[in-house]
Amino acid sequence: THFIAELAYRSEWPIGFSCGLTALSLGIAVAGALAGLALAASQPRSKWNGLAGGAFLGFAIAAMHYIGMAAVQPAILSYATPYVVASLIIAAGGASIALLCLAVDPGFRGISIAATLLILSICGLHFTGMAAVTLIPLPTIEADADNLTGAPFAIMVAVVVTAILLLGLTGVVASQHQNRRFRLLADATFEGILFHRNGIVTDVNAVFCCLLRQKRERLIGRRLQDLLPRLTDTTPSEQPIEGELITEEGERLPVEVLTRAFQHGNVVAVRDISERRAAEHRI
């Protein structure tokens, strides 16, 4: 959005864009987005992490915009403060609400709402920021020979944007493929499988969902203690212990629990022993 908007900008005199500041603005956008999303996804996942990560993301995008505008040469940029403040509020506020929605609902609905809000906040930032600026030409100063103008700038934008989109798409496809294979393997087991990090559920298999009679999306992000209240010690141990699984209706289901360390946290295997308990009771 930012670089295409710069390509679309027309002035009464020839302008270019400083290579150094343009590259810096792009680097800040990529690094800031990575840091903001990592903060929002950090464990334990919470609404506050979503708000903080979104604010960081919004301010990083705002920094990209204003540093990118500073790359315009030869000119002096004059800004209307109310519009600048409004653009920062739109960017940080919109991104915060977007990642908050994602933290509350990590399913498809939450992703759709978060994506829509993030698009609106970024577009709102750029168009409000462009309304805030007035370019004062410096006709007596020649443009730097290293400045990007016209076709070279358009080619650079096309190459960089295409590369970023392809890298993102490749990462998503690879991640989805790996997750799909991993989930198929987990769903093929006979026990309920739960993955958690620092006591926060990160994933479950189909058997675990059947035991609790809940959808996977409703379980991810919940506290392990709420589902297995007797499992007070989350330290990995392959010795089976007996506990109770709290279902959606508040029913207490007797289970046998085993825990083991995992690459991205801990894995908990849950086996329904209600039939065994009933047999012991009859004996």
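## Exercises on a predicted chain

Residues 24 or more positions apart account for 59% of the contacts in the chain with a separation of 6 or more. Keep in mind that this is a predicted model, and let's work through it together.

**Exercise 1. Find out how the chain is built and how confident the prediction is.**

Step one: take the secondary structure, which comes to 10 helices and 9 strands. Step two: look at burial; 34% of the 283 residues count as buried. Step three: turn to confidence. The average pLDDT of the chain is 81, and 89% of the residues score at least 70. Step four: ask where the extremes among the elements fall. Helix 1 (residues 2–8) has the lowest mean pLDDT, 74, while helix 4 (residues 81–104) has the highest, 91. A general caution helps here: where pLDDT is low, predicted coordinates should not be read in detail.

**Exercise 2. Decide whether Arg216 is buried or exposed, and work out what surrounds it.**

Start with its place: Arg216 lies in helix 8, which covers residues 216–219. Next, apply the cut-off. Buried means under 20% relative accessible area; Arg216 has 15% relative accessibility, so it counts as buried. Now list the partners, leaving aside neighbours within four places in sequence: Arg216 is in contact with Arg183, Asp187, Asp203, Val204, Asn205, Ala206 and Cys209. Finally, pick out a detail at Val204: its backbone oxygen lies 2.9 Å from a polar atom of the Arg216 side chain.

**Exercise 3. Inspect Arg213 and say which sign its phi has.**

First, locate the residue: Arg213 sits in the loop between helix 7 (206–212) and helix 8. Then read the backbone angle; phi of Arg213 is near 55°, a positive value in a residue other than glycine. For context, most residues other than glycine have a negative phi. Last, check accessibility: at 47%, Arg213 counts as partly exposed.

**Exercise 4. Trace what Arg271 touches.**

Arg271 belongs to strand 9 (residues 265–272). With a relative accessible area of 33%, Arg271 is partly exposed. Beyond neighbours within four places in sequence, Arg271 is in contact with Glu191, Pro254, Val255, Glu256 and Leu258. Take Glu191 from that list and look at the side chains: a polar contact of 2.9 Å joins Arg271 and Glu191. Then compare sequence with space for another pair. Arg271 and Val257 are 14 residues apart in sequence, and their C-alpha atoms are 6.5 Å apart.

**Exercise 5. Locate Leu24 and give its C-alpha distance to Ile67.**

Leu24 is found in helix 2 (residues 19–41). Its relative accessible area is 43%, so Leu24 is partly exposed. Now measure along the chain and through space: Leu24 and Ile67 are 43 residues apart in sequence, yet 7.7 Å apart from C-alpha to C-alpha.

**Exercise 6. Describe the second largest pocket and its lining.**

Begin with volume: the second largest pocket holds about 260 Å³ of space. Of the 12 residues lining this pocket, Ala103, Val104, Pro106, Ile220 and Gly221 are the closest to its centre. Next, see which elements contribute two or more lining residues: they are helix 4 and helix 8. To finish, sort the lining by character, which gives 4 nonpolar, 2 polar and 6 charged residues. Two elements met earlier return here: helix 4, with the highest mean pLDDT among the elements, and helix 8, where Arg216 lies.

Methods
Residues are numbered from 1 along each chain as its sequence is written. This is a predicted model: local features need pLDDT of at least 70, side-chain atom pairs count only at pLDDT 80 or more; totals for chains, interfaces and linings use all residues. Side-chain values use heavy atoms; hydrogens and water are left out. Helices (H or I, at least four residues) and strands (E, at least two) are DSSP runs, numbered from the N terminus. Buried means under 20% relative accessible area, exposed over 50%, partly exposed in between (1.4 Å probe, protein chains only). A polar contact is a pair of N or O atoms within 3.5 Å; within protein, one must be able to donate a hydrogen and the other to accept it, and residues adjacent in sequence count only if both atoms are side-chain atoms. Contact means heavy atoms within 4.5 Å. pLDDT is the predictor's confidence in each residue, from 0 to 100. On a 1 Å grid over the protein atoms alone, a cavity is a set of points where a 1.4 Å probe fits but cannot get out, and a pocket is an open set with protein on both sides within 12 Å along at least five of seven lines; lining residues have an atom within 4 Å of a point. Grid points are joined across faces, edges and corners, and a volume is the space filled by probe spheres set on the points. Ala, Val, Leu, Ile, Met, Phe, Trp, Tyr, Cys and Pro count as nonpolar, Asp, Glu, Lys and Arg as charged, and the others, Gly among them, as polar.
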